[in-house]
Amino acid sequence: MNIELQDIYTQAILSMAALVGLTSFLMLGQSRLLRLIFVFAFQGLLLTMTTMVAAYSTDNQHLYISAVLTLALKVVFIPWMLRREVLKMNLHRDIQALSNQTTLMLGGASLMVFSYYVLHPIVQTTSPVMLNALAVSLSVVLLGMLLMISHRQAIAHVVGFMSIENGLFFAAIVATNGMPMVVELGVAFDVLVAAVLFGIFFFHIRTSIDSLDVDLLNRLHEVDEQGARHDKNRSAVINPHTADYEVNR
Amino acid sequence: MNGLIAAIQTLLFVALAPLLAGWLKVCKCRLQNRKAPPLLQPYRDLIKLTHKQPVVAGQASWIFTKAPYIIFSATMLAASVVPLFAVDLPTSASADVIVMVGFFAFARFFLALAGLDIGTAFGGMGSSREMTISSLAEPAMLMAVFTLAMTASTTNLSIAITHVLNEGLVLRPSFLFALFALILVAVAETGRIPIDNPATHLELTMIHEAMILEYSGRHLALIEWASQLKLMIYGVLIANIFLPWGIAENFSVEALGYGLLAILAKLAVLAVLLALSETLVAKMRLFRVQEYLSFAYLLGLLGMLSHIILEASR
Amino acid sequence: MILLLAYCAVLLSFVSGLLALLMNQRHALLALCQTCFKKFPGSRNQCRAFVFGNLDEQRFPVFLRQAVFVILGLSGLFAVLAGLSVLVSKDVITDQIGLGLPWLPWHVRFDGLSGFFFLIIGIAVGAVSLYGPGYVSGYQESRHPFAVLGLFTGLFVAGMLLVLLADDAFMFMIAWELMSVASYFLVAFQHENAANRRAAFLYLLMAEVGALAIILGFGVLASFADGFTFDALRESHLSATWASIAFGLALLGFGMKAGIVPVHVWLPEAHPVAPSHISALMSGVMLKVALYGLIRFSFDLLADIQWQWGVVLLILGTVSALGGILYAMVQANLKRLLAYSSVENIGIIFMVLGLAMIFMDNGHPQLAALGFLAALFHAFNHALFKNLLFLGAGILHHQTHELNIDMMGGLIKKMPQTSLLFLIGCMSISSLPLFNGFVSEWLAFQTALQADVLDNGVLRSLIPVAAAALALTAALAAACFVKVFGLIFLGQSRSQHSEKAREVADKTMLAGPMLLAALCFLIGIFPGLVINLINSVSEQLLGQTMPNDSALGWLWLAPVSAQQASYSPALVLIGALIAGCVSFWYLRRDPVLKTMRRAAPWDCGFGGLTPRMQYSSNAFSMPIRRIFAKVWLIDERIDKDMQGAMDQDVAAVHYHIDIQDHSWPLLYQPIGHGINTLAKQVGRIQTGNIRTYLGYSFVTLVLMLWVIS
Amino acid sequence: MIAAYLVLVIPFLGIILFALSGHKTDTGRINIRLNAVTLLATLWLAVNVLDAGTLLSANKAILVDSFNVYLIVLTAFVGLTTSIFSSPYMAHEKELGKLTDQRLKLYYSMYQGFMLAMYLVLTTNNMGVMWVAMEGATLATVLLVSLYRTPESIEAAWKYFILCGVGIAQALFGTILLYYAAAQLGDIGDDALLWSVLYQQAANLNPEILKIAFVFLLIGYGTKIGLVPLHNWLPDAHSEGPTPMSAILSGLLLNDALYAVVRNKMLVDGATHSPIAGHLMMGFGLLSFLVGALFLHRQKDIKRLFSYSSIEHMGLMTFAFGIGGPMATFAALLHMTVHSLTKSAIFVTVGHAAQVAGTQNMSKIRGLIKTQPRIGWGLLIGTIAIAGFPPFGVFTSEFLVLLATMHSYPWLTLPLLLGIGIAFAGLFRHIQPMVYGDKPEGQMPVKANLLPVMIHLGLVLWLGLAIPGFLANWFSQATLLISGSTPL
């Protein structure tokens, strides 16, 4: 594929894709929450711009609406809310040590390659641009998940979650020029409600564990701490001759 | 005619059983350098017992008082299906050798119950041991009998003996094994040395005597008689299955006479052998009995296998 | 018409179950009746009096109990009638019921085999319903509601009958599981005891596993056929391997229900804890239904019998028979002992069935028919005498509140009728001549003795060994039941309870056992009655009948030919009567000697016998325990309490014995252990950390994408 | 068609009604009535479908065919019976002081919100809207999970929210890919997300894209189904939320997520002509089934126990749909119905049992039959039914699944068999001590309405004995739709 042979729209979209991918990387490596939120807002802005470009080039009215929605939600409302939380919780000074940042970045890079690899089969039936765009959005999705896996702050989780949404949105816009209106509105509504709910949950979590570290949310699990107690009873399951099988008695 | 002969045979069985016991005792005493009681002493004992009023334990139930009759009848029925001096016995058809073993089991069942009825320790001990030994002896016995049954392909004793007779002298390894097995079982089942000693009442070793300790009078007579009968049945079985020659095959008077003489002679010899072995062998501990009986079982099994592998292979 | 009888039997058992549910609805009934009478004022006063009399608070429970059992008894009666008529008419009746899957209504088929088992169930249910009202009156309504007992008894019986009627895999499984589940509730009926709950759990677990195996067995057949009806399954011609797999699955499933070693363990746990009339049905009848299933599966559906299956059955049967009776021997709990003895008898049946299979595949259908006959006959007999013994055990429990035979003794004088009935049961199960158990064992021996006709040397030597094991089993069974009868009924009372025991007041409770005992004896003397019925079964199923030599007349049993073996129990009975009477009258001819003198037994001069001097259950079986020591896991301890100077004097001796089944540590504990360990390992994936969970999601996604491309 | 709209409008009105008016004592009763009216509407809808066959609204927004019509009725039915249960249950919880009026208001309006989401998932013809509704269901219930505001419930709700959110986002990616694939065909335009259109065009869709799309859809909706290893939210959410919510989550949400997967699978199968989608589903299904069964053994909390049982059963259904033959599909459809009925009935009894004992800890719940026989028997019989004993309907479907597996993949029956056995043991080792035995000190009966349980179990029993003609007809038509042939 020769980039110079593509029209300007395609070039713009590809650049946007590259930038969106880059912001995802930036977020992945980010250990300060405020910066993380800023980069997230920037990604939202890129998304808005992409939508605008798409709307302009295809002359699609409803894409403008979705661009506005994106701007309002992802660039303004959510970052504002998160930032407020961070400041309120006094988390902006915390630097969360990412134990193996290098590995993480390498992993992220290989995810990108992997996205291309996965989506490669569809290149036969479609343009390479699409492949690029889809691969980037897939890698944004995957990087978002990786972000959530590697960060312990609930705020970072929300950012990761929303950046996954960004990735999806990007794919929708680039690959298919947006979804049908009703779906777009629905998705936007869901995102809004989700954002509100996140706000409520921050409050609840804070009151319950006095922190937003999700690793502390680990009461509900199936791992056996008192192995010995179970060992004693385990042969009793169906043996009527030993003790009582009703283990918990 | 057949029915009459069968009845006579059975009655003869019953009548001769004490004689065999007497003869055995005589032989044994001779071998042990003791003065023997008269040959007919068992008859005198039986008559004396039947004329005494039986004394029964206070808590005895009907099982205790009726058991002797049941035991005696069952043993007599067993005797009735064994050809004594003539084959072609009609009773053999109505009850074959398996039924005969069943009759023994029947008698033993009630004997053991009677032992438990009074509630003494001895009775329980005797019953327990008797049932243990017999349950080991029974399969061994059936193995021996099955060897015969498979050779003659019948379980009808009368027909089986005819079969052996008609075949003439064939040396079958299987019969040899079966014979030994049957002898060992017979010794165990009739309570002879080395399993049990009918002559003693030594508390810790007795089996048969422990069960009948509380019996007296006609009850005791019946039980004694039944056990003499059982000894005789085993003797006749051994003699007539493995050495059937001389037994009457038709009902002419001389054939019957020869048959009777032949079986008497065979039994006499067997009794001598038994006496000899009882003199030479010491009594076993109770818990070695299973070795003895499993040896018998092994012999029976070997007999069966040698029949299948050596004699009937195809 | 015949099918109608069968349907009646099923419906009546359902109705009896539903009727029992009315136990708590007296007030509703009362109201209903009142409105009815108001509506129809013309009704007779007697009728009204009858209705209200029975709805009286005192009278109602008694009345309802009787009504439930009367209906159950009618169900049994109809089952007997249906079974007999189909056996006599030799018909095969098919029908369809509009239940089940949309494309598969319930297929019903009533043929000789079903009919024969109908007969067994009918007799047992009849006996139980005669016995039932008296027995259940001992339960406290508040603790052990009759509604539950009655409902599930009805469902249980209906389930068993439906299994026999089923002609498609789906209905078969539904009926089969109905039977299992209903009996599970019955086992758990007295659930206050932990032992009962354990037993019920174990029972249901094994029933479930067994049922799954059966489903799979059907599944193997169905995957080579089009449809689940038995007709379709019969047409599925399997390769030898698949047929063997199907047979193996069926054997596992049905064997688990039947109680074949080593999958027998639920039996000795469940039977002792269920109410006695239920144990009687479970042991006497339900195990037979499992047998029916195996016969239906292998002889009817698979049809192409392979002799290797026969060998498997033979070996398993032998092991079960020996194992069962040896374990029975050392039990002190009467019902547990009886349960193990059921294992033994089922083992015998399987053994003979194995022989039948071997003969079948080796081209001796007549001998196969003989083995088949022996197996079915023994099944019939076992149903009779095991039912009898369980009902007897129930009476004992009802009267003495004991099941430990070490706590009984001397009951023969207190309960003369029960003891006689129990004695008949013991004699039948010990296979003594003149009783039915002997006839079937005799037939089994006769089958085994025909091994000579086989070409395969291994088989020819294997079968006699099995026969010898059978002999050992029979002898041990006799020893075992001498112990049972002797310790329970003879000797002196070993406890307060048995000291105070009385004969049952309610004589109808004895009617059930009496019926069974009479049948035991009757069949023992005239086995031809049942054999003719079974012959029509094997004619339908195998196309062969037992070649009974009719030359000797109907009193005789000559399975192969009169030359080979024959048995005439009637003549033996006559001989026995003659011998017994003659000796009896001869010896008692002198009137002076007729009387016996009563005296104290010999006590070795220690001053009186006490009950504690008697042999106990453990003492009785001690020689056998020593001889076959390897068969059990025995934990035997003697603790001495010492006292006095230097602790040299023995104050008291405590004897403990605990006997366990080998199958627990070898089979069940490893499985239980394995599952628990596995569950523990699997539990580790649920760490509680959300990041780990996200990681799972991520890895799964990546993995799937990788897989797909 | 009006019926279909009614079904959607009534719960919507319900949300608004409950949200605006504060909580009153009779809110529970109004909730019951609303659900009853919805049920009537769905029945009307069902009659319409019965008469006219597949219904497609004029704007193609709503599609009701034989596959979803019975699910709609089932949803309404379970919704109604659960609301009958929830009314006294929540009142009791309030008496105990666990809840405030404010939260009850939230509860009731979210109840209707959840129902709306469910109806929308089922009735919509648009795959995008289906996704929106599915996410909406998560959002509606997430606050219900944390209704008690205990640290555990908040933790559970957070996990539920995040895991399901991330999961469902993947489903959206799948949907976008689907749309993309359809858009390539040209001249479909906005109809490219309509299932009815996609289904017609399935053979022309790009198989490669659809394969990838299916992976995303399966993992996305699979998270909601509770497929191992994506299931981790499920036991937490079930055990910490109020019991009526567990009942509808288990009975409805999981079903509808599976419904979404199957709808998508139909498209993918049409495009790829390979069993790859089926194989993926079989793999996930079997894994969930086995792992769920094993987890049962280790539970201490009664609601957790049954949520693992749900995982196990959903695994079985997924597996059955994965096999794909007519018999397996029929079985899976039937299993969806009976599982939903049985499981919601069980949760109802479980809720009461927990109230009787005052705890969800199974080691503290004892002797239910002696304390309150109806609850004890209800729990016991429900467990018997869910464990797959006949004559209950669960048996029928498991029977068919086993036989279908035997037919197509004989060796897979072995793990299946093992799983059923392990699951049964796992359930019963916990249930039996709870229902049986003597009544412990201080355990008192509670006011309970067990009518729902009886009706549910009665229906399951009926389905086990005979499947009514119209239902069988729907099942077989749906089977035809999904697998291409009918078992009839």
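## A proline in a loop of chain D

D:Pro229 sits in the loop that runs between helix H8 (207-225) and helix H9 (233-240) of chain D, where helices (H or I, at least four residues) and strands (E, at least two) are DSSP runs numbered from the N terminus. The peptide bond leading from D:Val228 to D:Pro229 is cis, with omega near 5°. A second cis peptide bond, with omega about 5°, joins D:Pro390 and D:Pro391, and D:Pro391 belongs to the loop between helix H15 (373-386) and helix H16 (393-408) of chain D.

## Basis and confidence of the model

This is a predicted model, in which local features need pLDDT of at least 70 and side-chain atom pairs count only at pLDDT 80 or more, while totals for chains, interfaces and linings use all residues. Residues are numbered from 1 along each chain as its sequence is written, and chains are lettered from A and ligands numbered from 1 in the order in which they are written.

The predictor's confidence in each residue is expressed as pLDDT, from 0 to 100, and its mean for chain D is 89, with 99% of the residues of that chain reaching 70 or more. Among the elements of chain D, the lowest mean pLDDT (87) belongs to strand S1 (residues 55-56) and the highest (94) to helix H12 (residues 302-323). For the complex, the predictor gives an ipTM of 0.89 and a pTM of 0.92.

## Overall form of chain D

Chain D contains 19 helices and two strands, and its C-alpha trace spans about 70 × 55 × 40 Å along the principal axes. The radius of gyration of chain D, taken over C-alpha atoms, is 21 Å, which agrees with the value near 23 Å for a compact globule of 488 residues under the rule of 2.2 Å times the number of residues to the power 0.38.

Of the 488 residues in chain D, 71% are buried, a term for residues with 20 or more other C-beta atoms within 10 Å of their own, as against exposed (12 or fewer) and partly exposed (in between), with C-beta atoms placed from the backbone.

## Two positive phi angles in chain C

Most residues other than glycine have a negative phi. C:His401, however, has a positive phi of about 55°; C:His401 lies in the loop between helix H15 (365-400) and helix H16 (411-414) of chain C, and counts as partly exposed because it has 15 C-beta neighbours inside 10 Å.

C:Leu434, also not a glycine, has a positive phi near 85° and is found in the loop between helix H17 (416-429) and helix H18 (436-449) of chain C. C:Leu434 is buried, with 23 other C-beta atoms within 10 Å.
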